[in-house]
Structure formats: structure tokens, C-alpha cells
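I opened this model to look up its sheets, its ligand site and a few single residues. My notes are kept in the order of looking.

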Amino acid sequence: MSAVPALPPGYRLVTLDEVDSTNEEAKRGAASGAAAGTVIWARSQRRGRGRRGREWISPPGNLYCSLLLRPEQPPDIVAQLGFAAALAAGQAIAALLPDPEAVRHKWPNDVLVRGRKVAGILLESSGTTGAPLEWLVIGTGVNVASHPDDPERPATSLAAEGAKATVSELLERYLACLDPWLGRWRGEGFEPLRKAWLAHAQGLGEAIEVRLPRGTLAGRFAGLDAAGALIVAEKDGTRRTVTAGEVFLPPAPGSEKRV
Ligand code: BTN
């Protein structure tokens, strides 16, 4: 594969050496009329952003990209596209690893290898009310060459897991996997994505802790509902659905740090 990634039909690539955040650049594009299918790819970000207001440290060597879409659906439905992105990132990563089975998903959209985070997705959209959206940005970060070191949120990189991929190759694979998932979502709804995601979910049926906007919920990871909310079964059997929170899972077997 070449240094310039091949794109699925209808996509347009904007390559930048450095940017504040590819999501910000995609949002600026959305405001000035850029078409759905525009992909912003930067080699590094000065102010990369993660979920829940966190920083996404973005040195050269990892993948930072944002896809602009104009899905014309309400925000709660469009949030399901985060699962499409996570599935695509998982497939692209699995294809490059010595052990593809090591790839798992953590709610809502993290991709793990041996229980450690390798990729994250940040969705941003033109609105939060029930009105159809003008635009949606799917921001994707994958640790290719390096990863942050945070004991509370263990991470890894493709390099640390024995993959020898370039960022360009990964982006090409990611978009090639993402486009069919977007098509399935448009044609068949969320159900195929839900099934595929659950088939590779980390810790299904096992203990889970969710930090909610207010308080913590502990229980068993019981599944994903028809809209993409997390289902947690509490000790007394009560089933709770969670639409916003941060999930913590017990360490996966074999998740020890590779040195
Ligand atoms: C997460 O917290 O898991 C989401 C991380 C998303 C990071 C990506 S990198 C490309 C895009 N630009 C950003 O500023 N963030 C997203």
C-alpha cells in the first residue's frame, strides 16, 4: 500500500501536517459547505480532544482523522454511528495484528487489544436536540507508534502489539471497513452493528463499573439495547440502561504491559 491512502468512492481526503484538532478542522469545513465524505487526516494535533473533555495526546506516528457526514437524522440515532466507527477501527486493527482475536470493544466506542485501549472515537454534531442534524463529525484516534501511560486507563499501540503498519495503511483499511458499516446502518438500521459489536465486546456477562455523571453504578455487563445504550444488571436483578458514562472493566487475562 502506498503512502497516499486509497479511498472508497465518494470520499475526499484533506491531509495536514499539523492541526489543532481534526474534528475542529472538519467542523470548520462543515460550516463552510464541505461535502459529506470529507476526511481530515493530520500527522499530529496540537489540541487533540477525547471524550468527556479529556486531552488526546497527539504526537506524530499515530492516526488522527475525522470524517464529515450529513446524515439528516436526530442526534440520538446518529450516535449509533460511533459503533460503526469502532467496528471499522477494530476490523482494520485486527487485520494488522499477529492475534486478531485480541481485539475487543468497550462501551461505547473504545477499541481494546488485550484489554488495553488502542483506539477511541469522538462524535460531534451540529445539534443535541431531536431535530435532524446538519452535520456529524466522526473523529478517530488510533495509537499506532505510541500510547499514553495512565495506570487508571491502560493503553497500548499497534507497535507494542507487534503490528508493522503505517498510519496511511491503517487509514486506508479503516475507511474501507467503515464505508460498508455506514451502508448497512442506512439500509438495515442499528441491529447488525449491535450484533457485531456484542460478538466482540470485552467482558460481556462479567463485572462492570460505570462512572455516571452523578455517582457510580456497579453490576454485570448484560448487553446493549436496540438503540446502543449499555445494559447493566445490578446485584438485585434490576436492569439499568446507561446512555452516558465511563466504563471500567476488570483487567483482561494477558493484559499485562508489554515491555
Ligand atoms: C476518546 O476519548 O476515546 C476519543 C478520542 C478521539 C481522538 C480523535 S483523534 C482525531 C479526532 N480529533 C480530535 O481532537 N479527537 C479525535
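The entries below go from the sheets to the ligand and then to two single residues.

**Entry 1: the seven-stranded sheet**

I noted at the start that this is a predicted model. I traced an open sheet of seven strands in the order β1-β2-β3-β7-β6-β5-β4, and its pairing is mixed. Which strands are at the edges? I found β1 (12-19) and β4 there, each pairing on one side only. I looked up the turn between neighbouring strands of this sheet, and it is 20 degrees on average, direction ignored.

I then looked for a helix packed on this sheet. Helix α4 (residues 167-188) lies across β1, β2 (38-45), β3 (63-69) and β7 (136-142). Against β3, I read an angle of about 30 degrees for helix α4.

**Entry 2: β5 and the strands on either side**

I went to strand β5, which covers residues 110-113. Are its faces covered or open? I found both of them covered. Asp110 and Leu112 are buried on one side, and Val111 and Val113 are buried on the other.

On the β4 side, I found four bridges between strand β4 (residues 103-106) and β5, in the antiparallel sense. I listed two facing pairs here: Arg104 is opposite Leu112, and Lys106 is opposite Asp110. The connection from β4 to β5 is a hairpin of three residues.

On the β6 side, I found that β5 and strand β6 (residues 116-125) run antiparallel and are joined by three bridges. Which residue of β6 stands opposite Leu112? I read off Lys117. Leu112 thus appears in two of my pairs, with Arg104 of β4 and with Lys117 of β6. The hairpin of β5 and β6 has two residues between the strands, and in it I noted a positive phi near 50 degrees for Arg114.

**Entry 3: the five-stranded sheet**

I turned to another open sheet, which has five strands in the order β11-β10-β9-β8-β12 and antiparallel pairing. Its edge strands are β11 and β12 (246-248), and each of them pairs on one side only. For neighbouring strands of this sheet I read an average turn of 45 degrees, direction ignored.

At the β11 edge, I found strand β10 (residues 230-233) joined to strand β11 (residues 239-242) by four bridges, with the two running antiparallel. Ala233 and Arg239 stand opposite each other in this pair. β10 and β11 make a hairpin with five residues between them. Which residue in that turn has a positive phi? I found Gly237, at about 95 degrees.

At the β12 edge, I found three bridges between strand β8 (residues 207-211) and β12, again with an antiparallel run. I recorded Phe248 of β12 as the bridge partner of Glu209.

**Entry 4: the ligand**

How many residues surround the ligand? I found 20, and the closest are Ser21, Gln45, Arg49, Arg51 and Lys117. Lys117, already noted opposite Leu112, is thus also among the closest residues to the ligand.

I then looked up polar atom pairs. The side chain of Gln45 has an N or O atom 2.9 Å from a nitrogen atom of the ligand. For Arg49, a polar backbone atom is 2.7 Å from a nitrogen atom of the ligand. For Arg51, a backbone N or O atom is 2.7 Å from an oxygen atom of the ligand. I noted that the ligand taken alone exposes 420 Å², and that the protein buries 97% of this.

**Entry 5: Leu96**

I located Leu96 in the loop between α3 (81-94) and β4. Why does Leu96 count as buried? Its relative accessibility is 14%, and the cut-off for buried is under 20%. Leaving out residues up to four places away in sequence, I listed its contacts as Leu158, Ala163, Ala165, Glu169, Leu170 and Arg173. I also looked up Ala199, which is 103 residues from Leu96 in sequence and 20 Å from it in space, C-alpha to C-alpha.

**Entry 6: Arg12**

I placed Arg12 in strand β1, one of the edge strands of the seven-stranded sheet. Arg12 counts as partly exposed because its relative accessibility is 47%. With residues up to four places away in sequence left out, I found that Arg12 touches Leu7, Gly37, Thr38 and Val39. Ala36 is 24 residues from Arg12 in sequence, and I read 8.8 Å between their C-alpha atoms.

Technical notes. Residues are numbered from 1 along each chain as its sequence is written. This is a predicted model: local features need pLDDT of at least 70, side-chain atom pairs count only at pLDDT 80 or more; totals for chains, interfaces and linings use all residues. Side-chain values use heavy atoms; hydrogens and water are left out. Buried means under 20% relative accessible area, exposed over 50%, partly exposed in between (1.4 Å probe, protein chains only). Two strands pair if DSSP finds at least two bridges between them. Axes are lines fitted to C-alpha atoms, for helices over the stretch in contact, and angles run from 0 to 180 degrees between N-to-C directions. Contact means heavy atoms within 4.5 Å. A residue is near a molecule or strand if one of its heavy atoms lies within 4 Å of it. A polar contact is a pair of N or O atoms within 3.5 Å; within protein, one must be able to donate a hydrogen and the other to accept it, and residues adjacent in sequence count only if both atoms are side-chain atoms. Accessible areas come from the Shrake-Rupley method with a 1.4 Å probe; for residues, only the protein chains shown count as cover.
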